[in-house]
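Subject: Structure handover

Hello,

I am passing on the structure below, with notes on what was found in it. Please read them with the model open beside you.

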Amino acid sequence: MDSPVRVLVLVALFFPVFVDCAIRHYKFNVVMKNTTRLCSSKPIVTVNGKFPGPTLYAREDDTVLVKVVNHVKYNVSIHWHGIRQLRTGWADGPAYITQCPIPTGQSYVYNFTITGQRGTLLWHAHILWLRSTVHGALVILPKRGVPYPFPKPNKEVVVVLGELRIRILNLECNLFLIMCHRPIYCQLSGGNRTPKW
Ligand SMILES: [Cu+2]
């Protein structure tokens, strides 16, 4: 064994506090799910049948392994929004940029380590329109024994803001609230499209 490796092994054995990091395993089954919002039901693409999708939890320095299995008819990829992919660019997720999307019936394991980051980030599909229903939160806790840089709150609640598209009677009111700051439109049937802001 090389001497630097031997030193690391000895440090890990005798000073485990220095290597207090974990491997977090998650499984994302991408499936269709009949979902009801605002009194209307329709099948949507989800992760594990949830909308929004499951919240991932990890600590700074943890390695996260997410096995994504594609059970829908669309190609899929997942982007870990805001995660610094240090030497793990293939885990970033933008389809056709850092990876080929996951075809129907296939899977892919995203493997990345969270370094120098804490707080709540977002994960979402990074292909087609799938991100509108395939998204969720990624909570990065501080290292064990390290406090938050603010007084500890009594309770923490994850709030995910998403997009809903609704139609009411013959008054077509399409609300678009998209992350890239597109305006919200409200369109009367046959009328002019009026930007609200
Ligand atoms: Cu993103």
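Strand 1 and strand 2 form a hairpin, with two residues between them. L38 sits in the turn of this hairpin and has a positive phi of about 50 degrees. Please bear in mind throughout that this is a predicted model.

The two arms of the hairpin run antiparallel, and eight bridges join strand 1, which covers residues 23-37, to strand 2. One of the pairs is T36 with S41, the latter being the partner in strand 2.

The hairpin belongs to a wider arrangement. Four strands make up an open sheet, and their order across it is 2-1-4-6. The pairing in this sheet is mixed. Which strands lie at the edges? They are strand 2 (40-47) and strand 6 (107-113), each of which pairs on one side only. From one strand to the next, the twist averages 25 degrees.

One residue of strand 2 was looked at in more detail, namely V47. Is V47 buried or exposed? V47 counts as buried because it has 28 C-beta neighbours inside 10 Å, and the cut-off for a buried residue is 20 or more. Setting aside the neighbours within four places in sequence, V47 is in contact with these residues:

- F28, N29 and V30
- G53 and P54
- V134 and G136

F28, N29 and V30 fall within strand 1, given its range of 23-37. V47 can also be set against V69: the two are 22 residues apart in sequence, and their C-alpha atoms are 9.4 Å apart in space.

Some figures for the whole protein chain follow. The chain has one helix and ten strands. Along the sequence the helix comes at the start of the pattern, which reads α-β-β-β-β-β-β-β-β-β-β. Of the 197 residues in the chain, 20% are buried; V47 is one of the buried residues. Taking contacts between residues at least 6 apart in sequence, 58% join residues at least 24 apart.

That is the set of notes for this handover.

Regards

Technical notes. Residues are numbered from 1 along each chain as its sequence is written. This is a predicted model: local features need pLDDT of at least 70, side-chain atom pairs count only at pLDDT 80 or more; totals for chains, interfaces and linings use all residues. Two strands pair if DSSP finds at least two bridges between them. Axes are lines fitted to C-alpha atoms, for helices over the stretch in contact, and angles run from 0 to 180 degrees between N-to-C directions. A residue is buried if 20 or more other C-beta atoms lie within 10 Å of its own, exposed if 12 or fewer, and partly exposed in between; C-beta atoms are placed from the backbone. Two residues are in contact if their C-beta atoms, placed from the backbone, lie within 7 Å.
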